[in-house]
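Open the model in your viewer and keep the sequence panel beside it. The stops below go from strand pairing to the whole chain, then to a helix and the contact between chains.

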2 protein chains.
Amino acid sequence: MILTVTLNTALDVTYRVPRLLPHASHRVAAVTERPGGKGINVARVLAALGHEVTATGFTGGPVGSVVRELLARSPRVTDALVPCADGSRRTLAVVDESSGDTTQFNEPGPVITPAEWSRFLAQYGELVRGARAVALCGSLPPGVPVGAYAVLVRAARAAGVPVLLDTSGEALRRGVAARPEIIKPNAAELAELTGSRDPLPATRDARRRGAHAVVTSLGPDGLLAATAEGTWQAAPPRGLSGNPTGAGDSAVAGLLSALVEGADWPDRLTRAVALSAATVAAPTAGEFDPGVYEELRHAVRVTDGG
Amino acid sequence: MILTVTLNTALDVTYRVPRLLPHASHRVAAVTERPGGKGINVARVLAALGHEVTATGFTGGPVGSVVRELLARSPRVTDALVPCADGSRRTLAVVDESSGDTTQFNEPGPVITPAEWSRFLAQYGELVRGARAVALCGSLPPGVPVGAYAVLVRAARAAGVPVLLDTSGEALRRGVAARPEIIKPNAAELAELTGSRDPLPATRDARRRGAHAVVTSLGPDGLLAATAEGTWQAAPPRGLSGNPTGAGDSAVAGLLSALVEGADWPDRLTRAVALSAATVAAPTAGEFDPGVYEELRHAVRVTDGG
């Protein structure tokens, strides 16, 4: 089982409108709802790859109930979400069908009480012992201590379970110092962590801050990885147009999936890049196109990046 | 008891953002949720004026549950909403705090089955017998017959209960022919019904189509009423800036409230205009400022409009 942690789960709502006009009234042609938050997205991709996944984190209120109900429809995902009294957030993507552009609105997360955080920690401690890998993903809701990910990384390491951390800002800075197996920043998150906008030195700098491996997302150019075994860049064979929502989460799922299967770093990166590109190519945000994935798995170029 | 009918109830969600930028990502600073749909708004204003109100219509799904939970917090409003299998809609107002402007998104309503419509009709038939007045408000969700309001008007008239109809398009056209006591179109709805954009002749034309009285909303200029007792225009003493959301629903509540208290037409119009203006002046959309209402009740000018 792979454990995914989503402390700030969400209900991802998408509205399609013919054209977005500020200050006008719009009839929404179609509404879709999906369980969301980065760790939930990772869980769904891992499950699609055939892995058994347990999803934990917090959900609460009527929005949280919908998240759980939708999550129950995903095969191979076990719901171990911890209830919180405050309500889970929605995210809203308004898709302008005339341009294909998306306007995003993110509600604030629920306030987590100290008692709820303690309950989560106790449950996480038990779950991690049965896990082959752990993904810690996304932002911290209000009330969760800023050092939360450092605590969760240490607990996984104490249990001998590899842990991937995908977050930003101070939560990332503190989490890295607890020495996770992998972090997966994008260019902006890496620059915030290291102060450098030059990907290669910044990726290496991030490693020196504690992570065993740093896999930096370069957007359409693929991934750059600095690891104990070497430094690589992995790139898709061609640019793919589409919706990049969820591409980073698919890369996380690819890295963890290959890790638990014992694959080496070039294979891990190949899988991550192929899944990420197949997610951009899929018509529905956050899902990957299996045909594109199979095609790209044999076409990703991995080069020595050092 | 006053009965309000909201066939297409909604959860009215408001997002406040510092500035709305199409195709950008926004952190929502504050989220508010209220039970909505025109008849629900009317019910809340009537209750605030001290009337006992029963609210019926349809609600369903997780959004419907939130609507009922929020409605239960309104004193003097009895929930007689009929469950439907499909989910109630949300409306979303995104308020740009830099300009004060609002961008509105309206989800489609639930699909009502013939069996659900039959259950509603049976319940409405019972409720209307205990009502002193009925308000039929807003759009018809998919599946409800387009002649629905004509059926509901006739059932109220058969029970000897005065009925106010506030809707638009074909639902209004058919409803008017069933001879409701009052209709309350705005200028656009009246033009669609009559083909005329000239308020006085159009208001009189609408009366000839069947309504005993037609009260046309002129926006900031107040109300124009054509009735069996005469024709009047009622205007606030001064222009009020603010949010017009819900002003029409407050006017409906004012008309019905005064009607059941036995007030004459000039008094009904005075109350409707004062409540409507006090709603524009209130900081929260759909609520009225009691101080402004008390002040304007003594300052609305009613003139012979014929």
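Two strands count as paired if DSSP finds at least two bridges between them. Keep that in mind for the opening stops. Remember too that this is a predicted model.

**Stop 1: strand β2 of chain A**

Select residues 10–17 of chain A, which form strand β2. Color the strand by burial. Of its 8 residues, 6 are buried, so β2(A) is largely enclosed by the rest of the structure.

Now add residues 30–36 of chain A, strand β4. β2(A) and β4(A) are antiparallel and share 7 bridges. Which residue of β4(A) is the bridge partner of A:Val13? Pick A:Glu33: that is the partner.

Next, show β8(A) as well. Here the pairing with β2(A) is parallel, over 8 bridges. Label A:Asp12 and A:Thr91; the latter, in β8(A), stands opposite the former.

**Stop 2: the β8–β9 hairpin**

Stay on β8(A), residues 89–96. Add β9(A), residues 102–106 of chain A. The two strands pair in the antiparallel sense, with 5 bridges between them. A:Phe105 in β9(A) sits opposite A:Leu92.

Move to the turn of this hairpin. It has 5 residues between the strands. One residue to click there is A:Gly100, which takes a positive phi near 80°.

**Stop 3: all of chain A**

Zoom out. Chain A holds 10 helices and 16 strands. Its radius of gyration is 19 Å, close to the 19 Å that the globule rule gives for 306 residues, so chain A is as compact as a globular protein of that length. Draw a box along the principal axes: the C-alpha atoms fill roughly 55 × 50 × 40 Å.

How much of chain A is buried? Buried residues make up 52% of the 306. Turn to the contacts with a separation of 6 or more. In chain A, 69% of them join residues 24 or more positions apart.

**Stop 4: helix α5 of chain A**

Select residues 169–177 of chain A, helix α5. Show the side chains of A:Ala171, A:Leu172, A:Gly175 and A:Val176, which are buried. Look down the helix axis. These residues cover an arc of only 125°, which puts them on the same side of α5(A).

What covers that side? Add the neighbors in turn. The cover of the buried residues includes these elements of chain A:

- helix α4 (148–158)
- strand β11 (163–166)
- strand β12 (182–183)
- helix α6 (187–194)
- helix α7 (199–208)

Now click A:Ala177, also in α5 of chain A. Is A:Ala177 buried or partly exposed? With 15 other C-beta atoms within 10 Å, A:Ala177 is partly exposed. Leaving aside neighbors within four places in sequence, A:Ala177 is in contact with A:Ala150, A:Arg209 and A:Gly210. Measure across to A:Thr59 for scale. That residue is 118 positions from A:Ala177 in sequence and 28 Å away in space, C-alpha to C-alpha.

Step past the end of the helix. A:Arg179 follows α5(A) and has a positive phi, near 70°.

**Stop 5: chain A against chain B**

Bring chain B into view. Superpose chain B on chain A: a turn of 179° and a shift of 0.0 Å along the axis lay one on the other with an RMSD of 0.0 Å. That is the relation of a two-fold axis. To find the axis from chain B, go to B:Pro62. Of the residues of chain B, B:Pro62 comes closest to the axis, at 3.3 Å (C-alpha).

Select the contact itself. On chain B, 22 residues are in contact with 21 residues of chain A. β3 (25–27), α2 (61–71) and β9 (102–106) of chain B each give two or more residues to this side. β9(B) gives the most, with 5 residues. Color by residue type to see 11 nonpolar, 8 polar and 3 charged residues on the chain B side. Of the interface residues of chain B, 95% are also interface residues in chain A, so the copies meet through the same surface.

Return to β9(A). It runs parallel to β3(B), joined by 3 bridges. Label A:Gln104 and B:Ser25 in β3(B), which stand opposite each other.

Finish on α2(B). Its buried residues are B:Val63, B:Gly64, B:Val66, B:Val67 and B:Leu71. Down the axis of α2(B) they fall within an arc of 160°, so they line one face of the helix.

Key
Residues are numbered from 1 along each chain as its sequence is written. Chains are lettered from A and ligands numbered from 1 in the order in which they are written. Copies are superposed by least squares on the C-alpha atoms of residues with pLDDT of at least 70 in both. Two residues are in contact if their C-beta atoms, placed from the backbone, lie within 7 Å. Helices (H or I, at least four residues) and strands (E, at least two) are DSSP runs, numbered from the N terminus. Ala, Val, Leu, Ile, Met, Phe, Trp, Tyr, Cys and Pro count as nonpolar, Asp, Glu, Lys and Arg as charged, and the others, Gly among them, as polar. A residue is buried if 20 or more other C-beta atoms lie within 10 Å of its own, exposed if 12 or fewer, and partly exposed in between; C-beta atoms are placed from the backbone. The arc is that of the directions from the helix axis to the C-beta atoms. The radius of gyration is taken over C-alpha atoms; the globule rule is 2.2 Å times the number of residues to the power 0.38.
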